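Colleague: I am new to this protein. Could you take a close look at its aromatic side chains and walk me through what they sit beside?

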Amino acid sequence: MIRDILLGTAIGDAFGAGVEFQDRTWIRENVDFSTLVNVRNQIKVPSDKKQIFIKNYSAWDYTDDTEMTIGIINALLSKEIFSEDLLVRKWKEEYEDGKQRKGYGRNGHGSMSWYFSGQKTIEEVRDFQRHRPNPGNAPAMRSVFLGLLKEDLINNYAAVNANATHPNINAILSSQCIARASEYVLKKKGERSKIIGYCINNVTLNDEYKSYLKAVDQIGFYNELTEVDFTVLCGKQPIEAPYFLSGIKGLPSDSKFTTGAVLYILKVANSPFDALKKSVLLGGDVDSIASITTGIMAGYFGLEDIPNFMIQNVENRIYLENIAENFKQNKSPKRFNYDIHYKTI
């Protein structure tokens, strides 16, 4: 299962990265999932900002979503006290290891790129995210493996994950909800139609967040989504600043909306590949939602319905498989209390 989660995460991330921040209508007209589509050079930002999205990027690369998930795994396996400082250190180590392997730092990091480059301290990064009305979705995108912990550790560890970079209430709640969703699907084998209710009942949500998730839970069939439904799920459409990327229809780079979209996709998808497609077809920040949903669904169903070209082409497949095997062999019994079933293709 661990191998499937990690490969599913990287596959969803890598495929989504090619069409990240494209308009939902454009994606639905141009992406049929038979091959990778890479149009990062067409992201509608000023020309002097395009390097942020294309520098050090090659087709089938995964992004910071997968890289930071690996950092979480390494922190869990370290046997050290799980803390903000431990996580930052493990993320920096994985970033530097990737830089050594590739010759350059990975594309995709948002505010953490300031820390990795030495432009800002980690405290300055935290201060940037602390009071934002739309904190970035990094805590949510990297919290799937926290759902595999003992039940009484999940919310605490998920809060630590968020506070390491985004000490913002919506980021904390997002990290906790994704971890709980992972637990519900992968450990409890819960009925996915009830996944949103499970998160509402197991995370101490504020009124804003609870109202949002309750509204998402009322949205109907995916193939019957209306413009009103997309607005409920993703916020105002087209996206408006300060939400990113303004001017397109799709999911903004925001922790709360990412979480709502993930929970909805997990509720309605039938398989890992179906989750990947439904995630990407939302438009906007699709690599993050695809990485989470494909990873969780792959952990539940396996990778059998993921096209072989995706499995063979995703970056660092052998490296990811080795990480998964190490996790399976060395998971801390103090943090994990169940048997992990290891699957092969």
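Modeller: Happy to; I will start with the packing around the rings and then turn to the pairs they form. First, a word on the model: it is predicted, so local features need pLDDT of at least 70 and side-chain atom pairs count only at pLDDT 80 or more, while totals for chains, interfaces and linings use all residues. Residues are numbered from 1 along each chain as its sequence is written, and side-chain values use heavy atoms, with hydrogens and water left out.

The largest nonpolar core (buried Ala, Val, Leu, Ile, Met, Phe, Trp, Tyr and Cys residues joined through side-chain atoms within 4.5 Å) has 106 residues. Phe15 and Phe145 are among those with the most contacts inside this core. Leaving aside residues up to four places away in sequence, Phe145 touches Ile2, Ile5, Leu6, Thr69, Ile73, Leu76 and Phe327 (contact means heavy atoms within 4.5 Å). Phe21 belongs elsewhere: a second, separate core of seven residues includes Phe21 together with Ile43, Ile239 and Ile248.

Now for the rings themselves. The structure holds 17 aromatic pairs (ring centres of Phe, Tyr or Trp, the last by its six-membered ring, within 6.5 Å; planes under 30 degrees apart are stacked, over 60 edge-to-face, the rest tilted). Phe21 and Phe244 make one that is edge-to-face, with 5.0 Å centre to centre and 80 degrees between the planes. Phe21 sits in the loop between helix H1 (2-18) and helix H2 (24-30), and Phe244 in the loop between helix H13 (227-234) and helix H14 (255-268), so their pair ties together parts 223 residues apart in sequence (helices are DSSP runs of H or I, at least four residues, numbered from the N terminus). Phe21 is buried at 6% relative accessible area (buried is under 20%, exposed over 50%, partly exposed in between, with a 1.4 Å probe and protein chains only), whereas Phe244 is partly exposed at 32%.

Tyr95 and Phe116 give a stacked pair, 4.3 Å centre to centre with 10 degrees between the planes. Because Tyr95 lies in helix H5 (residues 84-102) and Phe116 in helix H6 (residues 112-117), this pair ties together parts 21 residues apart in sequence. Tyr95 is buried, at 12% relative accessibility, and Phe116 is buried too, at 8%.

Phe15, from the largest core, also joins Phe33, Trp60, Phe273 and Phe309 in one aromatic cluster.

Finally, charged neighbours: Arg24 lies over the face of Phe230, 3.7 Å from the ring centre (the rule asks for NZ of Lys or CZ of Arg within 6 Å of the ring centre and within 35 degrees of the ring normal). Arg40 lies over the face of Tyr57, at 4.8 Å from the ring centre.

Conventions: Helix = DSSP H or I, 4+ residues; strand = E, 2+ residues; numbered from the N terminus.
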